Amino acid sequence: MANCARVNGVCKRCEGELPFEFTMAFQPIVDISLAKVVTHEALVRGINGESAWSVISQVTDELLYRFDQACRVKAIEMASALNMQTDLSINFLPNAVYEPEACIQATLEVSERVGWPTDRLIFEITETEKVRDRQHLRNIIDAYRSMGFKTALDDFGNGYANLDLLTDLTPDKLKIDRELVMNCDHEPRRQALLNAIVLLAKELNTTLIAEGVETRAEALWLANAGIMRQQGFFFAKPAINSLGNHLTPLLLELRAEVQAAGALDDRH
């Protein structure tokens, strides 16, 4: 990787105004065994609710580092303003991090300014197909862990976010891609793959999160298989200026059904 551009506290790549505006929507990640929301993921949106692509398509290579930093700052500021009590998960682009200790400074500064505990930050690794330097990515994860942050590997099981990454990387969480989750309640091949991932995660001491859960049947099958942490439209769509705090009744119902099926015991 090239050297960091920060000199005397100023980074020409990361600091300055962007030529477009954006905001963040938040989508809850639930834990059915706890019947509560445990994390919110911050997702880029246009200021009028436009799609993430409408924003990201404006990010040139020259703006990549600045945009990555701006997303972190915006997510933490908005989460604090909404009085979020859960962890906050923020996507980051590995190629936008030159040196972890230097590139994290804006995150630390905004966290201190708004009073956000840094141990409640999770950084999701995205765009892994563009990372040619695995050692650099491993260094980022190790550095973030040493600072008290948690990391997650996004879209696991699809495209380039696959098993081979786990030979080098040690993320705290694996987010299982929707392609494996969809129809898992009635497709044996998907069930076999998901059951294998559950065993793998136990061996690697990694927490699983199922992405893209869209039906009650999917949610219950996943929970009965041991994947308690889930995210998707079944629970809530990403929302601007809202945290989806209405989920408790649904989560209590789901937990009761999972308990009745024997997938939970009193220790949960």
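In helix α9 of this predicted model, the residues Leu250, Leu251, Leu254 and Val258 are buried. Seen down the axis of α9, these buried residues fall within an arc of 95°, so they line one face of the helix. The protein chain as a whole comes to nine helices and ten strands, and 50% of its 268 residues count as buried. Among the contacts between residues at least 6 apart in sequence, 68% join residues at least 24 apart.

**Helix α9**

- Helix α9 covers residues 248–260, and its 13 residues should span 18 Å at 1.5 Å a residue, a value that agrees with the 18 Å between its end C-alpha atoms.
- On the buried side, the residues of α9 pack against three elements, namely β3 (23–31), β4 (36–45) and α8 (216–224).
- The face of α9 that is turned away from its buried side carries Pro249 and Ala260, which are exposed.
- After α9 comes Gly262, a residue whose phi is positive, near 90°.

**Helix α2 and the nonpolar core**

- Helix α2 (residues 64–81) has 18 residues and reaches 26 Å from its first C-alpha to its last, which is close to the 26 Å expected at 1.5 Å a residue.
- The buried residues of α2 include the nonpolar Leu64, Tyr65, Phe67, Cys71, Ala75, Ile76, Met78 and Ala79, and Arg66, Asp68, Gln69 and Arg72 of this helix are also buried.
- The largest nonpolar core of the model has 74 residues, and those with the most contacts inside it are Phe22, Met24, Phe26, Phe67, Leu88, Leu222 and Phe235.
- Helix α2 gives the largest share of this core, with eight residues.
- Following α2 is Asn83, whose phi is positive, near 60°.

**Strands β6, β7 and β8**

- Strand β7 is mostly covered, since five of its seven residues are buried.
- On one side of the pairing pattern, β6 and β7 run in the parallel sense and are joined over four bridges, with Leu153 in β7 as the bridge partner of Ile125.
- Strands β7 and β8 also run parallel and are joined by three bridges, and here Leu174 in β8 is the bridge partner of Leu153.
- Leu153 is thus named in both pairings, as a partner of Ile125 and as a partner of Leu174.

**Salt bridges between distant parts of the chain**

- The model holds 16 salt bridges by the nitrogen-to-oxygen rule, in which the two atoms lie within 4 Å.
- One of them joins the side chains of Asp87 and Lys150, at 3.8 Å from N to O; this pair links distant parts of the chain, with Asp87 in strand β5 (residues 87–92), Lys150 in strand β7 (residues 150–156), and their positions 63 residues apart in sequence.
- Because the limit for a buried residue is under 20%, Asp87 counts as buried at a relative accessible area of 17%, whereas Lys150, at 23% relative accessibility, counts as partly exposed.
- Another salt bridge brings together the side chains of Glu124 and Lys175, at 2.8 Å from N to O; Glu124 lies in strand β6 (residues 121–125) and Lys175 in strand β8 (residues 173–176), 51 residues apart, and this pair too links distant parts of the chain.
- Both partners of this bridge are buried, as Glu124 has a relative accessibility of 1% and Lys175 has a relative accessible area of 1%.

**A salt bridge within a helix, and a network**

- The side chains of Asp142 and Arg145 meet in a salt bridge at 3.9 Å from N to O, and both residues lie in helix α5 (residues 134–146), three residues apart, which is about one turn of the helix.
- Asp142 counts as partly exposed at 36% relative accessibility, and Arg145 is likewise partly exposed, with a relative accessible area of 33%.
- Elsewhere, salt bridges that share partners join Glu41, Glu124, Lys175 and Glu211 into one network.

How values were computed
Residues numbered from 1 in each chain as written. Predicted model: local features only at pLDDT ≥ 70, side-chain atom pairs only at ≥ 80, totals over all residues. Heavy atoms only, no water. Helix = DSSP H or I, 4+ residues; strand = E, 2+ residues; numbered from the N terminus. Buried < 20%, exposed > 50% of the residue type's maximum accessible area, 1.4 Å probe, protein only. Expected span 1.5 Å × (residues − 1). Arc of directions from axis to C-beta. Contact = heavy atoms within 4.5 Å. Pairing = 2+ DSSP bridges. Core = buried A, V, L, I, M, F, W, Y, C linked by side-chain atoms within 4.5 Å.
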